[in-house]
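Biologist: I should like a close look at a single part of this model, namely the place where the chains meet. Please explain it in terms that a first-year student can follow.

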Protein chains: 2
Amino acid sequence: MRVLVTGASGFVGRHALAALAARGYEVHAVARNPLPGFTNYPVDLLDEAQRRALVARVAPSHLLHLAWDAEPGKYWTSASNLAWVAASLDLARSFYEVGGRRFVVSGTCAEYTWGADRFDEATTPCRPATLYGAAKDGTRRILAAYADSVGLSFAWGRLFYLYGPGERRGRLVSDAAHALLTGAAFPTSPGHQARDFLHVVDVASALAALLDSPVTGAVNIGSGMAVPVRTLLDGLAARTGRPDLLHYGARPLSPSEPAVIEAATTRLREEVGFRPRFTLDAGLDDTLAWWRGQVSAGQ
Amino acid sequence: MRVLVTGASGFVGRHALAALAARGYEVHAVARNPLPGFTNYPVDLLDEAQRRALVARVAPSHLLHLAWDAEPGKYWTSASNLAWVAASLDLARSFYEVGGRRFVVSGTCAEYTWGADRFDEATTPCRPATLYGAAKDGTRRILAAYADSVGLSFAWGRLFYLYGPGERRGRLVSDAAHALLTGAAFPTSPGHQARDFLHVVDVASALAALLDSPVTGAVNIGSGMAVPVRTLLDGLAARTGRPDLLHYGARPLSPSEPAVIEAATTRLREEVGFRPRFTLDAGLDDTLAWWRGQVSAGQ
């Protein structure tokens, strides 16, 4: 079994490589940066010729497609979402045409219509509020029909909120951890909104388990239990001894942000058979340990 | 007002050019074949460089995007649907980036979930049964979000069943008209299924009216009244004097074909302000007149 992993040097990607290798896959990675220990191709996936040549060269049986524009603050509305739709559709087609059998893509809870508290793959409608959400949602719909028409096995791992070692700055947990460890004030929202957070190692393991399963269609990848953002930030602050740095309410919560975003995880637990390894407490310990290393290295 | 029309030598496209010219647009066409009387660019729209260069050169204020794979018998499942999604998204982006303001695309009733008899833009769900339907549906969803995010005016003309002069062979009305005029047997389904047929000149006029309006989102383009296929075929046979050539029931109707497909046309009539010109009777006369010309010319 030979798997090609796109977005392999991203937050989830780096952890997914190890999870796939542990399951016995021959792992081939696509990433901008070198990935020690893995065969890596520094290919521009938005370039049609490069993309097709790569797929033909690797001829993978499995493909885990994680690459997308994820630039903090910009990806929600970036026109690059259109280019990633196009690249993802063509990737699936090239993959199938060289004999690929199992195609798994990372989606997002932002595909769902905000409104429900708990999002279920079978019953919650998808009518996304953002270009990013719509691009992912549209890609999934089209890929599902394509896979169905040619007989390709296709699943879509719908990611909720992630945290953990290696997260880039510009996101909630990474910025909070950095501020708390460097003594900087952290102005934030009132923090009452509840979100479904899953440690990135568990997210990557869940995607590997999904790839390794015969489950098709959309599968939520979350903890199954939303926690108030305040609980998570308080947990970080308690561990660093500086709760005074958290300025709750110093920033407004956007009115478009729902009160609760929680994944229904029946498919993930019962069909894929996945159980998370990290509790939130263990995950916050792990995350801060990594950030301590970064901060003392001057990052 | 300068409009670029893709798919301009197609069944709808040729009629749309005249309708747009009549509304005062400076018409630029993209088509494989020459179009006497119109400025035409024989560009391959699936080629990114050609497509972008064309949009930059014409710099249209309006775009009517009709091009797609429409090869009879194949387009429902062709992988080229994926390439047309990609080309359509990039076309919208290029168009917006050169200053384009109004973007209208042709969709299909196959975007709807079969099940209802009458399809309404606001209330009938879209969960298409085919790759073609899913590709159009996904494209619409993504383009609507893109248009929303950048402030582009965007509408989607959802076509139902078309007939009229210039239809390629391999489709119901064209094949029936040809058979009836050449004395060939025409084996067909029992013909009880009702479909919403609109004369192609009316379809093209409706799209021109939609482009010329400020209406956004999906708009059904149909007659608003489904008729049994048998009524339409009997109408052709009565006009040619050879009802004996119609062999109803000689072919099965696919079990996936719904009993009724009818467009709700409130948006088209009240918001766009469009009224069809052809009754079914006048439309069948007109269609047969054209086919008589073709047949005597040996086509």
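Modeller: The account below begins with the relation between the chains, then turns to their interface and to the core.

The model is a predicted one, and every statement here should be read in that light. Chain A is superposed on chain B by a rotation of 180° with 0.0 Å of shift along its axis, and the RMSD is 0.0 Å. That is the relation of a two-fold axis. Both copies use the same surface, for 100% of the contact residues of chain A recur in chain B.

How many residues of chain A are in contact with chain B? There are 22 in chain A, and they are in contact with 22 residues of chain B. The size of an interface is often given as the accessible area lost when the parts come together. For chain A and chain B, the buried area is about 1700 Å², and carbon and sulfur atoms give 77% of it. On the side of chain A, the residues that lose the most area to chain B are Leu82(A), Arg141(A) and Ile142(A). Together these three account for 32% of what that side buries.

Which helices of chain A supply at least two residues each to the side that touches chain B? Helix 3 (80-97) and helix 4 (131-150) of chain A both do. Helix 4 of chain A gives the largest share of that side, namely eleven residues.

The polar side of the interface may be described in brief. Between chain A and chain B there are two residue pairs in polar contact, whereas the rule finds zero salt bridges across this interface.

The core completes the picture. In soluble globular proteins, nonpolar side chains tend to be buried together. The largest nonpolar core in this model has 70 residues. Those with the most contacts inside this core are Val85, Phe103 and Leu143 of chain A, together with Val85, Phe103 and Leu143 of chain B. Leu143(A) may serve as an example: leaving aside residues up to four places away in sequence, Leu143(A) touches Ser88(A), Leu89(A), Ala92(A), Phe103(A), Val105(A), Phe154(A) and Trp156(A). Phe103(A), one of the residues touched by Leu143(A), is itself among those with the most contacts inside the core.

In summary, the two chains are related by a two-fold axis, and the area buried between chain A and chain B comes to 77% from carbon and sulfur atoms.

Terms used:
Residues numbered from 1 in each chain as written. Chains lettered and ligands numbered in written order. Predicted model: local features only at pLDDT ≥ 70, side-chain atom pairs only at ≥ 80, totals over all residues. Heavy atoms only, no water. Least-squares fit on C-alpha atoms with pLDDT ≥ 70 in both. Contact = heavy atoms within 4.5 Å. Core = buried A, V, L, I, M, F, W, Y, C linked by side-chain atoms within 4.5 Å. Buried < 20%, exposed > 50% of the residue type's maximum accessible area, 1.4 Å probe, protein only. Buried area = accessible area lost by both parts, 1.4 Å probe. Salt bridge = Lys/Arg side-chain N within 4 Å of Asp/Glu carboxyl O. Polar contact = N/O pair within 3.5 Å; in protein donor to acceptor, adjacent residues only side chain to side chain. Helix = DSSP H or I, 4+ residues; strand = E, 2+ residues; numbered from the N terminus.
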